[in-house]
Amino acid sequence: MSFIAEADLQFARGAFRSYYERPRERVEIPRKIESREFGYFVFGENIMVRHLSLRDANSLGSLFTDRVPRHVYYSSAFFHSPSAPMERKGWIGAELVFDIDADHLPVRCKAEHDFWLCKNCGEHGPKPTPKGCPKCQGRVEEIEWLCELCLREARNELLKLLDFLELSLGIGSKDITLNFSGHRGYHVHVDNDHLNSMDQYARKEIVDYVTGNGLDVSYHGLYLSRGSSSLIGPDYSEPSWRGRIARGVYDLLGQLSDPSYKGYFSENLTPKTYRRFLKRQEVLVKLWSSRPVWGAASAIKADDWIKLAQLAVRRQAANIDSVVTTDVHRLIRVINTLHGKTGLLSLKMGYDEVENFDPFRDPVVFPDQPPVKMKVLYCPEFRVKEKSYGPYHNQVVEVPLSTAVFMMCKGVGTLSSG
Amino acid sequence: MMCTLPKLLESLIDPVPLIPSKAMLATSPSIYLARYPLLPMTRDYVGKRGLTINDLSSEQYAPVLRRAINRVELAIRYGFVNDRSRETEVEILSFPLAVFLVACISDPPISKRYAMAESERCSELLLDEPNQVVERLAEDSFGLKLKALRHVLGTHIYDFCLDFSDYIRLASHFSSPSWRLVNKNLCLGQVYLLKTEAVGILKLHAEENILRAINESGDVSSPQFLKQHLAGIRSIIAVREKEEERVTTRFSLEALPPCIRSIYNRLVEGESLPHFARFTLTSFFLNVGLTRREVLSLFSRLPDFDEHLSQYQIEHIAGERGGVKKYTSPSCRTLQTHGLCLRTQQCLSMRSPIKMYYRQVRLTERGEA
C-alpha cells in the first residue's frame with residue numbers, strides 16, 4: 001500500500017513525527033527490552049530494518065524521534081544476542097502471543113468492502129483485482145478497508161479467547177496485555193516466565209485447544225451409553241469445552257429458524273439434519289431452557305446431535321491466527337505505536353475496556369484541527385470518532401487532520417491544492 | 001569399563017532431593033524401594049552398601065544374581081517383570097544388576113524391551129497404590145507435580161490433576177487423540193486425569209529413565225562370572241526372535257483374545273466404534289504384525305470410514321507420524337477401565353491381549369504339530 005503522492009507521505013510522516021515527540025510517555029516499553037529483537041519500516045521504503053538490539057527505553061525513544069518509523073515491531077521472543085543472525089541469537093523464551101485478525105474471520109462483508117483502486121483515475125471495483133485499470137490502464141492497488149462489522153466480530157473472538165485463557169488455561173489478567181492492532185484486529189500477549197519457555201509443539205496444542213482443532217466431542221462427555229444406547233451429554237455449568245459445547249448447542253437451537261442463519265445452517269448441516277431440528281425447534285428450545293436434554297425428540301438421531309455439537313464447537317472456538325501463536329521468533333507491533341496503514345494507535349486496553357472499545361474512536365490520536373483539503377479517488381463510507389465520512393469518488397473534501405491521515409495512509413486520498 | 005552398582009544406579013535417577021513422606025515411612029519404606037527402584041532413596045540405600053559388580057559373584061549374593069537374570073529373561077520372553085518386592089533386599093540389588101546385564105547385551109531392541117517391561121511392572125503396582133502415594137512417588141522419582149484429588153465430571157471420576165504446560169510436555173509422547181490437550185478437561189490451568197492416565201505418564205517417564213541408564217552405561221565389559229549367564233540370555237533372545245518371526249508371518253483370527261474378538265466382530269458388522277476401541281484394535285493389529293494397509297482395509301468396513309483420517313491415525317499409532325513412539329496395545333487393566341475387557345476363563349492371569357494372542361498362537365501350533 002502506498003501513498004498517492006510524495007507530499008502525502010511527507011504529510012503523514014510529519015503527523016507521526018509530532019506524535020512521537022515524547023515517545024517514552026506514549027510508547028509501551030517492552031519488558032526485558034535488552035533481550036528483544038526490533039525491526040521497523042520507514043516511510044517510503046518497503047524493506048524492514050531488523051535484527052536490531054536496543055539496550056533500554058531511551059534507545060527505543062531515539063528510534064522514534066530519529067527515524068520516525070511507519071511501523072515498529074519487536075520480538076515476542078527473548079534472545080541472548082538479539083542483533084545476531086537468527087541461528088546465532090540464542091533463544092531464551094517467548095511470550096505467548098495471539099493475533100485476531102479480521103482477515104481470517106469468515107465475515108461476509110469482506111468481499112463487499114475490500115476493493116481495488118486505480119491510483120490514476122479513481123476507477124475501483126470488487127476483487128479480483130485486474131492487472132491494470134480497465135479504464136485508463138493506470139496502476140491499480142488492492143485496498144483492505146476497515147469495517148464496523150469485521151472489527152466487532154474480531155472483538156467477539158477476542159472475548160472468547162480471553163475466556164479460554166482465563167477459565168481454561170488459568171492465566172491471570174496480570175500476565176496478559178491486550179491491544180488493538182491499529183488495523184483490523186487485536187493482539188494478546190501472555191508474558192509469564194513459566195509459559196515463555198514453551199516450545200512450538202506446546203503452543204500448537206494451545207492453539208488447537210482454543211480453536212477446537214482435533215476436538216472429539218466423545219471426550220467431552222457426549223456419547224451413546226452402552227447398553228441403553230441413549231445419548232449422554234454435558235451440562236451448561238460444566239467447565240472447559242464440556243460447558244461450551246452444551247451452551248453452544250443451546251445457542252444454535254435458538255437460531256435454527258432465524259432467517260439470517262439459514263445460509264449458515266444449510267452450509268454446515270445436511271438438509272435432512274437441518275430439517276429434523278428445524279421442525280422441532282420450538283419444543284427443543286423449551287426443553288433445553290433449564291438444562292440440556294440430549295437426545296430429546298426421537299426423530300432426531302444421535303448422529304444429528306453430534307453434528308450439531310460439532311457445529312457448536314466451531315462457533316465456540318476462538319478464531320485466531322495460528323501461525324502467529326506457534327511462531328516462537330515472531331516480530332509483532334510495539335504496543336501504543338502508530339500503524340502505518342491507518343495512522344491509528346495500537347492501543348493498549350484493560351480487560352474491562354474490551355466490551356466498550358471503539359476502534360474508530362479510541363485509537364484516534366491526531367487532533368481534528370487543522371482541517372485538511374483532500375482529493376479522494378474513492379473510498380467507502382467510514383467513521384472516525386462520532387462522524388461518518390464518504391462514500392467519496394473523485395471528490396475534493398475538507399476533513400479533520402485525523403481523517404486525512406487515515407485516508408492518506410490507506411492510499412485513497414491525496415492533498416488537494418485547490 | 002567396570003561400573004559399580006551405586007554409580008550405575010545413580011545414572012538412573014534424576015537428582016531430586018528426597019523428603020520421604022511420613023505415610024511412606026510409617027509403613028515399610030523398604031518395600032517402596034523394592035517396588036520402585038527409580039526412587040532416589042533406593043540409590044541412597046544401594047550407595048551405602050558400597051558394592052561392586054564383582055562382589056556379587058560371591059555365593060552370598062547368588063539370589064541377587066538369580067533374580068537379576070530372571071528379570072531380564074522375563075522381560076525378553078513375556079515383556080513383563082513380576083513383582084517380588086517382599087524379598088526387598090534381593091529385589092533392590094537385583095535391579096541395577098539387571099540393568100548392567102542388559103547394557104552388556106548391547107542390543108537396542110532388547111534394551112527397549114527391558115525398559116518397557118520394568119516400567120510396566122512399576123505401573124501395575126502404581127495402579128494399586130493409594131493416590132496420595134502415587135502423588136508422592138511422582139514427585140520423588142520424577143519431580144512431577146501431580147496432585148491427587150477426587151473430581152467427578154459426568155460419568156468420570158478424575159483422580160489427579162496436572163499443570164497444563166507440564167501436561168503438554170509429558171503427553172507429547174502419546175499420539176492417541178485422547179491425549180491431546182483439546183480432548184482433555186482443562187479448568188483453571190489444570191488438566192484432570194484418570195488414574196490410568198496419570199500412571200501412564202509415570203510409566204513413560206520410568207521407561208525413558210531406564211533406557212537412558214542402559215544407554216549411558218556405554219561399552220561395558222562383562223566380568224568373567226557373568227559370561228555364562230549372558231550367553232544364556234542371548235540364546236533366549238535368539239529363540240524368541242525365531243518364534244516372533246514365525247508367529248508374525250501367520251496372523252490367526254482364531255487366536256484373538258475375547259476382548260479383541262468382540263471389538264473386531266463389531267467392526268465387521270459395521271458398528272460405529274468409539275475411539276478407544278478403534279485405538280485398541282489398531283494398536284493390537286499393528287503389534288501382532290499386520291501391515292498398515294491391512295489394518296486400513298479392516299477399518300474400511302466402518303460406516304463413518306474416512307480413508308485419509310484412518311490412515312493418519314494408523315500411522316500415528318504405528319509411530320510413523322509426529323516423531324513419537326509406536327504404541328503398544330492397551331493392557332487388560334486399561335481395557336477394564338474403559339469397559340472393553342471381557343475376561344473369561346481362557347484369559348487366565350494374562351495381563352495383555354497381545355500376550356494372550358501369542359500364547360494362543362503357540363498352543364494352536366503345538367496342537368497342529
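Tutor: A crossing is right-handed if the near helix is turned clockwise from the far one by less than a right angle. In this predicted model, the term applies to α7(B) where α7(B) passes α10(B).

Student: What describes the packing of helix α7 (residues 108–128) and helix α10 (residues 195–216) of chain B?

Tutor: Two packed helices are described by the angle between their axes and the distance between the axes. For α7 and α10 of chain B, the angle is about 145° and the axes are 8 Å apart.

Student: Which residues of α7(B) and α10(B) meet, and what makes them contacts?

Tutor: Two residues are in contact if their C-beta atoms lie within 7 Å. Among those listed for α7(B) are B:Ala115, B:Met116, B:Cys122 and B:Leu126, and the α10(B) side includes B:Val199, B:Leu202, B:Ile210 and B:Ile214. The residues of this contact divide into 11 nonpolar, 4 polar and 6 charged.

Student: How many residues does each chain give to the contact between chains A and B?

Tutor: Chain A gives 28 residues and chain B gives 23. On the chain A side, α5 (148–168), α6 (193–196), α7 (200–211) and α8 (240–255) each supply two or more residues. The largest share, 5 residues, comes from α7(A). By type, the chain A side has 13 nonpolar, 9 polar and 6 charged residues.

Student: Why is helix α14 (residues 401–410) of chain A called mostly covered?

Tutor: The label rests on a count: 8 of its 10 residues are buried. The buried residues are A:Thr403, A:Ala404, A:Val405, A:Phe406, A:Met407, A:Met408, A:Cys409 and A:Lys410, so each has 20 or more other C-beta atoms within 10 Å of its own. Just after α14(A), A:Gly411 takes a positive phi of about 75°.

Student: How do you know that both faces of strand β11 (residues 185–190) of chain A are covered?

Tutor: In a regular strand the side chains alternate between the two faces of the sheet. In β11(A), A:Gly185, A:His187 and A:His189 are buried on one side, and A:Tyr186, A:Val188 and A:Val190 are buried on the other. That accounts for 6 of its 6 residues.

Student: What makes β6 (residues 96–101) and β10 (residues 176–180) of chain A partners of β11(A)?

Tutor: Pairing takes at least two bridges between strands. β6(A) has 6 bridges to β11(A) and runs antiparallel to it, with A:Asp99 bridged to A:His187. β10(A) has 5 bridges to β11(A), again antiparallel, so both pairs satisfy the requirement. A:Phe180 stands opposite A:Tyr186. The hairpin of β10(A) and β11(A) has 4 residues between the strands, and A:Gly182 there takes a positive phi near 95°.

Student: Why are β2 (49–53) and β14 (331–333) of chain A said to stand at the edges of their sheet?

Tutor: The sheet is open, with 4 strands in the order β2-β1-β3-β14 and antiparallel pairing. β2 and β14 each have a single partner strand, so one side of each is left without a neighbour in the sheet. The twist averages 35° from one strand to the next. Within this sheet, β1 (residues 37–42) and β3 (residues 69–75) of chain A pair over 5 bridges, and A:Tyr40 has A:Val72 as its bridge partner.

Student: Which domains are assigned in chain A, and what distance separates their centres?

Tutor: Domain 1 is given as 6–105 + 147–206 + 322–365, and domain 2 as 214–316. Taken over C-alpha atoms, their centres are 38 Å apart.

Key
Residues numbered from 1 in each chain as written. Chains lettered and ligands numbered in written order. Predicted model: local features only at pLDDT ≥ 70, side-chain atom pairs only at ≥ 80, totals over all residues. Axes fitted to C-alpha atoms, helices over the stretch in contact; angles between N-to-C directions. Domains from an automatic or database assignment. Nonpolar A, V, L, I, M, F, W, Y, C, P; charged D, E, K, R; others polar. Buried ≥ 20, exposed ≤ 12 C-beta atoms within 10 Å, placed from the backbone.
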